[in-house]
Structure formats: structure tokens, C-alpha cells
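Let's take a look around this protein together. Keep the picture open and follow along from one helix to the next.

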Amino acid sequence: MKFLDHLEEWLIAFLMGAATLIIFMAVVHRYLSGLPVPWLQDQLIQINTSWAQELCIYMFVWMAKFGAAYGVRTGIHVGVDVVINRLSVPWRNGFIVFGLLAGALFTGVVGALGASFVWDIGHTEQTSADLEVPMWLVYLAVPAGSWLMCFRFLQVMVAFVRTGELPKHDHAHVEGLDDELGAKA
């Protein structure tokens, strides 16, 4: 499971970093291309960065789908649980399990419908406008991310049934900082 956790985190981090660099490069290119320096303009106009925006949109879609699964695993999704927390423990636990199963069902259905769509579009010649990659690769984010999110809902539900604990995100916690401070002491 740790491998999947780390793969998910590295993929999200890579997509965020790469998208940031690509957009930065495209903005700098656009700015420098507008400078009234003839030889610079001639060189920069030969560089085509029209693909950057499209690539970043696709990267953000993939990042959002896998980020949503990460959010389920770590407990960072916003939830309105004022009423649930006022219930007796058996009722509270029942509603939490129901909610997690409903999330798993919904994301599983979205994944299945997305897979059907990807299968159908995979049998066409559709490509993206600027990158000219097959569109099924772009849309593959929907079933892959949805099924991962479904798995995370089930994973959280099983852990909750076993321990009675839900993942809780501490906004003040910095990963690795405790190890660093412990090494200095």
C-alpha cells in the first residue's frame, strides 16, 4: 500500500511542478516575443508554445482526479458533520460507513461510465487540437482517478470499521519535520 501512496503523491507533485514550469515558460516566451528586439523576436517566433495551455489543462485534470483520491485517503475533504457528531456512537458510525460506501459507489459508477467512454473514444481517430495525442489518453484520467478514489473510500471504510478512526488532516503538521527536530535533539 505504501507504494501506491507514494506513487499517488509523486504523480500529483510532478504534475503540479511540471504544469507550473510549462506555464512559466509559456508566459516568459510570450512576454519576450513582444519585446521590440528584431533578432530576439525572430528567434522566439520560431518556437511554438501553443501546446502549453492544452497540456497544462490536461495535467490539471489528471492532478485533480488523483488529488481527490489523495484527499479521501488523508481526510482533507470538507465534510459537514455537525449533525452526525451529535448522534449516538452506533448511529454515528452507521452514517459514516453509509457515507463512505455511498462515496465508493458513486466513484465506482463514474469510473465505470468513464471507462466505457474511454473504450468508445479509443476506437476513433480523435486527437487533441494542439498536442495531437489520442483523446482516450486524456479522458483516461476519469476512470483511473475515479477507481482510485473508490478504492480509497473502501480503504478508509475498512480502517474505520476496524479502528473507529477516520483520517484526520492536521493543517499545522509538516511531513518530516518531526524527524528533523528529533535528529537535532
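## Starting from one leucine

Let's begin with a single residue: Leu 100 is buried, because its relative accessible area is 11% and anything under 20% counts as buried. Keep in mind that you're looking at a predicted model. You'll find Leu 100 in helix H5.

What does Leu 100 touch, if you skip residues up to four places away in sequence? The list is Phe 153, Val 156, Met 157 and Leu 166. Cys 56 is another story: Leu 100 and Cys 56 sit 44 residues apart in sequence, and their C-alpha atoms are 31 Å apart in space.

## Helix H5 and its cover

Now zoom out to the whole of H5, which runs over residues 89–122 and has 34 residues. From its first C-alpha to its last, H5 reaches 48 Å, close to the 50 Å expected at 1.5 Å a residue.

Leu 100 has company: the buried residues of H5 also include Ile 96, Val 97, Ala 104, Thr 107, Val 118 and Ile 121. Several glycines are on that buried list too, namely Gly 103, Gly 108, Gly 111 and Gly 114. Which helices help to cover the buried residues of H5? Among them are H4 (82–86), H6 (135–139) and H7 (141–163).

## H3 alongside H7

Two packed helices are described by the angle between their axes and the distance between the axes. Try that on H3 (residues 51–74) and H7: their axes come within 8 Å and cross at roughly 5°. Angles under 35 degrees count as roughly parallel, so H3 and H7 are roughly parallel to each other. On the H3 side, the contact includes Trp 62, Lys 65, Phe 66 and Arg 73, and on the H7 side it includes Leu 148, Met 149, Arg 152 and Phe 153. Sorted by class, the residues of this contact come out as 13 nonpolar, three polar and three charged.

How far should the 24 residues of H3 span at 1.5 Å a residue? The expected figure is 34 Å, and the end C-alpha atoms of H3 are 34 Å apart, so the two agree. Right after H3 comes Gly 75, with a positive phi near 80°.

## H1 and its two partners

H7 also packs against H1, at an angle of about 135° and with the axes 13 Å apart. H1 and H7 are therefore oblique to each other, and their crossing is left-handed. Here Leu 4, Asp 5 and Glu 8 of H1 meet Leu 148, Phe 151 and Arg 152 of H7. This contact has three nonpolar residues, no polar ones and three charged ones.

Is Asp 5 of H1 buried or exposed? It's buried, since its relative accessible area is 11%. Leaving aside neighbours within four places in sequence, Asp 5 is in contact with Arg 73 and Arg 152.

The other partner is H2 (residues 38–45), whose axis comes within 9 Å of the axis of H1 (residues 2–33), crossing at roughly 140°. That angle makes H1 oblique to H2, and H1 passes H2 in a left-handed crossing. His 29, Leu 32 and Ser 33 in H1 meet Leu 40, Gln 41 and Leu 44 in H2. By class, this contact of H1 with H2 has three nonpolar, three polar and no charged residues.

Definitions and conventions
Residues numbered from 1 in each chain as written. Predicted model: local features only at pLDDT ≥ 70, side-chain atom pairs only at ≥ 80, totals over all residues. Heavy atoms only, no water. Helix = DSSP H or I, 4+ residues; strand = E, 2+ residues; numbered from the N terminus. Expected span 1.5 Å × (residues − 1). Buried < 20%, exposed > 50% of the residue type's maximum accessible area, 1.4 Å probe, protein only. Contact = heavy atoms within 4.5 Å. Axes fitted to C-alpha atoms, helices over the stretch in contact; angles between N-to-C directions. Parallel < 35°, antiparallel > 145°, perpendicular 65-115°, else oblique. Left-handed = near helix turned anticlockwise from the far one by under 90°. Nonpolar A, V, L, I, M, F, W, Y, C, P; charged D, E, K, R; others polar.
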